[in-house]
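This report describes how secondary structure elements are arranged and packed in the structure shown below. It takes helix packing before strand pairing and chain totals.

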Amino acid sequence: MICSFFVASWTGVVKYHGPRPSRRPKQVFVANHTSMIDFIVLEQMTAFAVIMQKHPGWVGLLQSTILESVGCIWFNRTEAKDREIVARKLRDHVQGADNNPLLIFPEGTCVNNHYTVMFKKGAFELGCTVCPVAIKYNKIFVDAFWNSRKQSFTTHLLQLMTSWAVVCDVWYLEPQNLKPGETAIEFAERVRDIIAHRAGLKMVPWDGYLKYSRPSPKHRERKQQNFAELVLRRLEEK
Amino acid sequence: MGSASSMLTQYDIEEVQEHCNNLFSQQEIVSLYQRFCQLDRSAKGFISADEFMSVPEFAMNPLSQRLLKMVDGLNFKDFVAFLSAFSTKASAYHKIELIFKVYDSDRNGKVSFKDMLEVLNDLSGSFMSDEQREEVLGQVLEEAGYSKDSYLTLDDFIKVLGQSDLKMDVEVPVD
């Protein structure tokens with residue numbers, strides 16, 4: 001309900017397609033991520049529990065108070081050990097029948113709604129059904145992409161509220177299960193393909209976290225290795 | 001200058017277009033400007049080395065340090081002129097000239113055996129030994145009719161590379 005008001009404040013026109021998610025244990029929802037408002041757009045329809053990065057400032061306060069009521073799991077991108085703790089929390093949540101269905105954004109960060117970056121495999125190794133959700137914003141009215149490197153959320157929200165409207169489409173897609181012989185990473189890529197296809201997004205092989213850190217030297221080294229092998233092979237053939 | 005929505009006047013676009021010998025269309029120049037402004041976070045009018053390195057593919061490129069020397073501190077007009085070698089409309093001569101400049105790091109108009117070894121070192125890293133690199137380079141030069149003592153000029157590069165397909169074309173996305 002609260003979400004509906006919020007959505008109305010930025011003149012949100014959301015069109016939902018597909019069957020409304022039903023509450024069942026052992027299922028997890030994954031969606032592509034463009035902005036913090038993705039969560040609100042989806043929450044408007046169904047009460048989801050979500051896993052989020054804790055933000056500083058008034059957003060953090062909002063997160064703590066309102067979102068606690070739907071059941072939220074917090075993580076901290078910068079903490080190294082955090083991953084194991086969060087993985088355990090996710091697993092516990094999914095097992096519990098009374099909890100709100102869990103919504104995860106496997107890209108791990110906001111992306112500009114033209115592409116999808118690599119999905120992190122965490123959501124796909126929980127041993128449960130994955131229900132993909134695709135969100136596509138219509139850019140003509142406003143660009144919903146929150147570039148957290150450039151704007152604070154407050155500025156972003158202000159920009160949304162003063163624009164014409166936030167128009168988007170949400171598709172609830174067919175639930176997927178891990179296929180026999182499929183790894184979690186392959187499963188993640190398959191679901192990413194389903195979502196990208198539905199929302200008309202391009203798939204790119206980049207790690208979303210590159211937004212925050214430089215690529216490790218191993219990428220460069222792999223290129224050097226490929227080159228060296230090619231050259232040496234030609235040398236052998238002579 | 002500053003945010004991505006800052007305007008380029010029609011005059012600016014034409015000036016940049018002239019400076020790159022019409023190798024980019026006006027829409028491509030507008031797209032490039034948007035990207036330039038995104039990378040130039042502090043709106044200085046040029047992109048610093050650090051800002052270039054924030055582009056993942058650039059950081060992963062084994063030749064990034066060499067390329068950086070060529071683009072560091074360029075204003076938008078000169079940056080577009082640099083990029084124009086990658087336009088589909090650019091001639092083979094233009095493209096080979098850029099390759100030559102990558103090899104000729106001391107900019108004396110000549111590329112020595114040592115210069116080529118250094119580039120090969122950047123490209124292969126720790127995956128080839130110095131002996132292997134010397135051997136490969138020696139063979140390549142011999143096949144092309146040169147020796148280890150040769151100093152290659154731009155004309156030599158054109159003679160050797162001029163006939164092959166360089167695959168140095170980039171498409172500038174236009175909204």
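## Helix packing and chain make-up

In this predicted model, helices α1(B) and α2(B) are roughly perpendicular to each other. The reason is the crossing angle: the axes of α1(B), residues 10–19, and α2(B), residues 26–39, cross at roughly 100°, and angles of 65 to 115 degrees count as roughly perpendicular. The two axes come within 10 Å. On the α1(B) side the contact is made by Gln10(B), Ile13(B), Glu14(B), Val16(B) and Gln17(B). Helix α2(B) contributes Gln26(B), Ile29(B) and Val30(B). By class, the residues of this contact are four nonpolar, three polar and one charged.

A second helix pair in chain B is formed by α7(B), residues 92–103, and α10(B), residues 154–161. These helices pack at an angle of about 120°, with axes 10 Å apart. Helices α7(B) and α10(B) are therefore oblique to each other, and their crossing is right-handed. From α7(B), the residues in contact are Tyr93(B), Ile96(B), Glu97(B), Ile99(B), Phe100(B) and Tyr103(B). Those from α10(B) are Leu154(B), Phe157(B), Ile158(B) and Leu161(B). The contact of α7(B) with α10(B) has nine nonpolar residues, no polar residues and one charged residue.

Strand pairing is described for chain A. Strand β7(A), residues 129–137, pairs with β8(A) in the antiparallel sense over five bridges. Within β8(A), Tyr172(A) stands opposite Val133(A). Strand β8(A) spans residues 166–172 and is mostly covered, with six of its seven residues buried.

How many helices and strands does each chain have? Chain A has seven helices and nine strands, whereas chain B has ten helices and zero strands. Along its sequence, chain B reads α-α-α-α-α-α-α-α-α-α.

The table lists the totals for each chain.

| Chain | Residues | Buried residues | Contacts joining residues 24 or more positions apart, among those with a separation of 6 or more |
|---|---|---|---|
| Chain A | 238 residues | 45% buried | 74% of contacts |
| Chain B | 175 residues | 45% buried | 59% of contacts |

Note on methods:
Residues are numbered from 1 along each chain as its sequence is written. Chains are lettered from A and ligands numbered from 1 in the order in which they are written. This is a predicted model: local features need pLDDT of at least 70, side-chain atom pairs count only at pLDDT 80 or more; totals for chains, interfaces and linings use all residues. Side-chain values use heavy atoms; hydrogens and water are left out. Axes are lines fitted to C-alpha atoms, for helices over the stretch in contact, and angles run from 0 to 180 degrees between N-to-C directions. Helices (H or I, at least four residues) and strands (E, at least two) are DSSP runs, numbered from the N terminus. Angles under 35 degrees count as roughly parallel, over 145 as roughly antiparallel, 65 to 115 as roughly perpendicular and the rest as oblique. Contact means heavy atoms within 4.5 Å. Ala, Val, Leu, Ile, Met, Phe, Trp, Tyr, Cys and Pro count as nonpolar, Asp, Glu, Lys and Arg as charged, and the others, Gly among them, as polar. A crossing is left-handed if the near helix is turned anticlockwise from the far one by less than a right angle, and right-handed if clockwise. Buried means under 20% relative accessible area, exposed over 50%, partly exposed in between (1.4 Å probe, protein chains only). Two strands pair if DSSP finds at least two bridges between them.
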